[in-house]
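Colleague: I am new to this structure and would like a close look at a single part of it, the place where two helices pack against each other. Could you take me through that contact slowly?

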Amino acid sequence: MSDSPLYSCDRVWINARLATMDTAVPALYGALDDHVIGVRSGKIAAIEPMERVAIDRLNGTVIDAGGAWITPGLIDCHTHTVYGGNRAKEIEMRLCGASYEDIARQGGGILATVRATRALDEEQLRRASLPRLRALAAEGVTTVEIKSGYGLTLADELKMLRVARRIADDAPVRISTTLLAAHTVPWEYAGRPDDYIELVCNQIIPAAAAKHLVDAVDLFCERIAFSPEQCARVFAAAQNHGLRVKAHAEQLSNQGGARLAARFSALSADHLEYLDQSGVDALAASGTVAVLLPGAFYFLREPQKPPVDLLRAAGVPIAVASDLNPGTSPLASLRLMLNMACTLFGLTPEESLAGATRHAAQALGLAENLGTLAVGKEADFLVWDIEHPAELACEFGVPRLRQRVFQGRDATV
Ligand SMILES: [Zn+2]
């Protein structure tokens, strides 16, 4: 007992119920009742049953959780948090009958946000984006992926990535940045998508990689965006620069984007409403995470759901994210997404929580350090005033977060 690292921890939570989300713990939610979790130097250093702990020998600060549940910090693995302007008017148009594709073809949609984002300098863009990041963080998100994709020039894509990297200086949140230059064709390249793809492959990806501004490369494989052939060029360029890839795929139609992503060992394929069995099989074979984005599905009033039963049957890890963006998911709440993943897509509350913790970490290539409560992982976790973890997906709108711990320290937002 005296050898336990618990006795040299900086802080120890006792009388806790842990939803570890660790598959090594056989119970639903990886639940461990009546446990102790200890933190040292920002990492989880010990997890022990209460009965094995001599409380009077603990050296660090002792916090009595009083039977409260502790979960890993939530991870939003797909967001477009950094952007200028808003698209409320366009959403109004859509409600009056225009389709997403109609609006995109009229130069609205993503390009409207490109105009608004290019118009801001870095400080303005940071200030415009920070309230959204804080909203995510306040309800328990400790890691956020942020994509570029509203710059679409070398300078503006790098500007977005710098803002995404810097934005966390003002908030206790870990940021993972993704280059999404292949989001849509900017007006300078109208009718010349291959020339734009060349710019992405030969200038933007190399510059973002050289400046260490980017953790992964994403793209939009869709009729209104880029073809599988163009996407393959972007993936190849990313891999040449040592960057992992991911894709917006099968959102509005089946282009085979998920199969292509799997061929490049993608971290994730995201959206997937139109994914078919061959796409599911490809994701399963490559270990690629399926990221479901119920906010966009809901906002666009999509007629087709992602094939959750097929993904489950094939053992594809399923993550859930906000897709926070101005046009199709202006919803800065991962808790709401847990609820929607259950109500709209039929995930169980446990699957939805795994989707915002363990599988979200995997979708960012960070599963070694994040996503579960396990010894050696980063001490990002949440103490909740709930009676059961299912409440996190069932109830919405009531703040139940008692304590937000980031890198082992209290980090209320
Ligand atoms: Zn997206």
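Modeller: In this predicted model, the part to look at is the pair α4 and α5, which are oblique to each other because their angle of about 55° falls in none of the ranges that count as roughly parallel (under 35 degrees), roughly perpendicular (65 to 115) or roughly antiparallel (over 145). Helix α4 covers residues 122–138 and helix α5 covers residues 154–166, and where the two pack, their axes lie 10 Å apart. As for the sense of the crossing, α4 passes α5 in a right-handed manner. The residues that meet there can be picked out in the view: on the α4 side they are E122, E123, L125 and R126, and on the α5 side they are K159, M160, R162, V163 and R166. Sorted by class, this contact between α4 and α5 holds six charged residues and three nonpolar ones, with no polar residue.

A second pair of helices may help as a reference for the eye. Helix α6 (residues 193–210) and helix α7 (residues 228–240) pack at an angle of about 10°, their axes being 9 Å apart, and these two are therefore roughly parallel to each other. In that pair, P193, D194, I197, E198, V200, C201 and I205 of α6 meet Q230, R233, V234, A237 and A238 of α7, a contact made up, by class, of eight nonpolar, one polar and three charged residues.

Conventions
Residues are numbered from 1 along each chain as its sequence is written. This is a predicted model: local features need pLDDT of at least 70, side-chain atom pairs count only at pLDDT 80 or more; totals for chains, interfaces and linings use all residues. Side-chain values use heavy atoms; hydrogens and water are left out. Axes are lines fitted to C-alpha atoms, for helices over the stretch in contact, and angles run from 0 to 180 degrees between N-to-C directions. Helices (H or I, at least four residues) and strands (E, at least two) are DSSP runs, numbered from the N terminus. A crossing is left-handed if the near helix is turned anticlockwise from the far one by less than a right angle, and right-handed if clockwise. Contact means heavy atoms within 4.5 Å. Ala, Val, Leu, Ile, Met, Phe, Trp, Tyr, Cys and Pro count as nonpolar, Asp, Glu, Lys and Arg as charged, and the others, Gly among them, as polar.
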